[in-house]
Amino acid sequence: MSPGPSYRLDAPAGAIATALGAQVNGDVWDGGVGTTGGYAPVVIGIGGGRRAIVPRQWGVPPPPKGERVVTHLRNLDSPFWIGPLRHTQFRCLVPVTRYRVGRQWCSLPGLPVFAMAGLWRDSEVPSFAILSVLDGGTSMPVILHPRDYALWLQGDWKEARPLAVPFPADRLAFTP
């Protein structure tokens, strides 16, 4: 993993709520860096097609034989993850304004706040991990199109799993 932050969320809770169709739910996020072990907002489904912003710690405690917290979920067939992936109540949207791949920052022109696919767990601490996929040998977060937010949060796993693909590179903006 690259040193330093992996993503930024330079938007207050109200802007996140507007962009992702969520209720602010008392979250007081003012914007900043997503760091392993730090708290950041995620958007969860709360029933009836409604969404809410809630704080979660970035980095899920390791599986039984693991040693490090899991910040990026890469193996969608892992027995540790398959149960939560199949149950929509554990899927979340991770709001972001840009994310880092290597030494570059990536953003989506025209979408100041967008979402990565995430999964949260409620073990010792409510925490989350970001889904990642390989794109030409590089691990990239799963970026969701706004039209797919509801499918990710509420859809059957068989329908939601195809969303776990690299986002088209020609729709991303790259900066040092």
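Reader: How much space lies in the largest pocket, and what makes it a pocket and not a cavity?

Author: In this predicted model, the largest pocket holds about 310 Å³ of space. It is called a pocket because its set of grid points is open, whereas in a cavity a 1.4 Å probe fits but cannot get out.

Reader: Which residues that line the largest pocket are closest to its centre, and which elements each supply at least two residues of the lining?

Author: The lining is made up of 14 residues, and Arg-68, Val-69, Val-70, His-72 and Arg-74 are the closest to the centre of the pocket. Strand β5 (72-73) and helix α2 (79-86) each supply at least two residues of this lining, which by class has 6 nonpolar, 5 polar and 3 charged residues.

Reader: Which residues of α2 are buried, and what does the word rest on?

Author: Phe-80, Trp-81, Ile-82, Pro-84 and Leu-85 of α2 are called buried, because that word is used for a relative accessible area under 20%. These buried residues pack against β5, β6 (91-96), β9 (114-122), β10 (126-135), α3 (149-154) and α4.

Reader: How many cavities of 30 Å³ or more are there, and which residues line the largest cavity?

Author: The count comes to 1 cavity of 30 Å³ or more, and the largest cavity has a volume of about 30 Å³. Its lining consists of Tyr-99, Asp-135, Met-140, Pro-141, Pro-166, Phe-167 and Leu-172, which divide into 6 nonpolar, no polar and 1 charged. Asp-135 is the charged residue here, because Asp is among the residue types that count as charged.

Reader: Why is the pairing of Arg-98 with Asp-10 called a salt bridge?

Author: The closest N and O atoms of Arg-98 and Asp-10 are 3.8 Å apart, and the pair qualifies because a side-chain nitrogen of Arg within 4 Å of a carboxyl oxygen of Asp makes a salt bridge. Arg-98 lies in strand β7 (residues 98-101) and Asp-10 in the loop between β1 (7-9) and α1 (13-20), so the pair ties together parts that are 88 residues apart in sequence. Asp-10 also forms a salt bridge with Arg-8, at 2.8 Å between the closest N and O atoms, and Arg-8, Asp-10 and Arg-98 are thus linked in a network of salt bridges.

Reader: Why does Asp-10 count as partly exposed?

Author: Asp-10 has a relative accessibility of 39%, and Arg-98 has a relative accessible area of 29%. Both count as partly exposed, because the term covers what is neither under 20% nor over 50%.

Reader: Where do Arg-161 and Asp-77 lie, and what makes Asp-77 exposed?

Author: The side chains of Arg-161 and Asp-77 meet in a salt bridge with an N to O distance of 2.9 Å. Arg-161 lies in the loop between α4 (157-160) and β13 (173-175) and Asp-77 in the loop between β5 and α2, so parts 84 residues apart in sequence are tied together by the pair. Asp-77 is called exposed because its relative accessible area of 52% is over 50%, whereas Arg-161, at 31%, counts as partly exposed. A search of the whole structure finds 3 salt bridges.

Reader: What does the side chain of Gln-57 reach, and which residues does Gln-57 touch?

Author: Gln-57, found in strand β4 (residues 50-58), has a side chain that reaches the backbone oxygen of Gly-37 at 2.9 Å. This counts as a polar contact because the distance is within 3.5 Å. Not counting residues up to four places away in sequence, Gln-57 touches Gly-37, Gly-38, Tyr-39, Val-125, Pro-126, Ser-127 and Phe-128.

How values were computed:
Residues are numbered from 1 along each chain as its sequence is written. This is a predicted model: local features need pLDDT of at least 70, side-chain atom pairs count only at pLDDT 80 or more; totals for chains, interfaces and linings use all residues. Side-chain values use heavy atoms; hydrogens and water are left out. Helices (H or I, at least four residues) and strands (E, at least two) are DSSP runs, numbered from the N terminus. A polar contact is a pair of N or O atoms within 3.5 Å; within protein, one must be able to donate a hydrogen and the other to accept it, and residues adjacent in sequence count only if both atoms are side-chain atoms. Contact means heavy atoms within 4.5 Å. On a 1 Å grid over the protein atoms alone, a cavity is a set of points where a 1.4 Å probe fits but cannot get out, and a pocket is an open set with protein on both sides within 12 Å along at least five of seven lines; lining residues have an atom within 4 Å of a point. Grid points are joined across faces, edges and corners, and a volume is the space filled by probe spheres set on the points. Buried means under 20% relative accessible area, exposed over 50%, partly exposed in between (1.4 Å probe, protein chains only).
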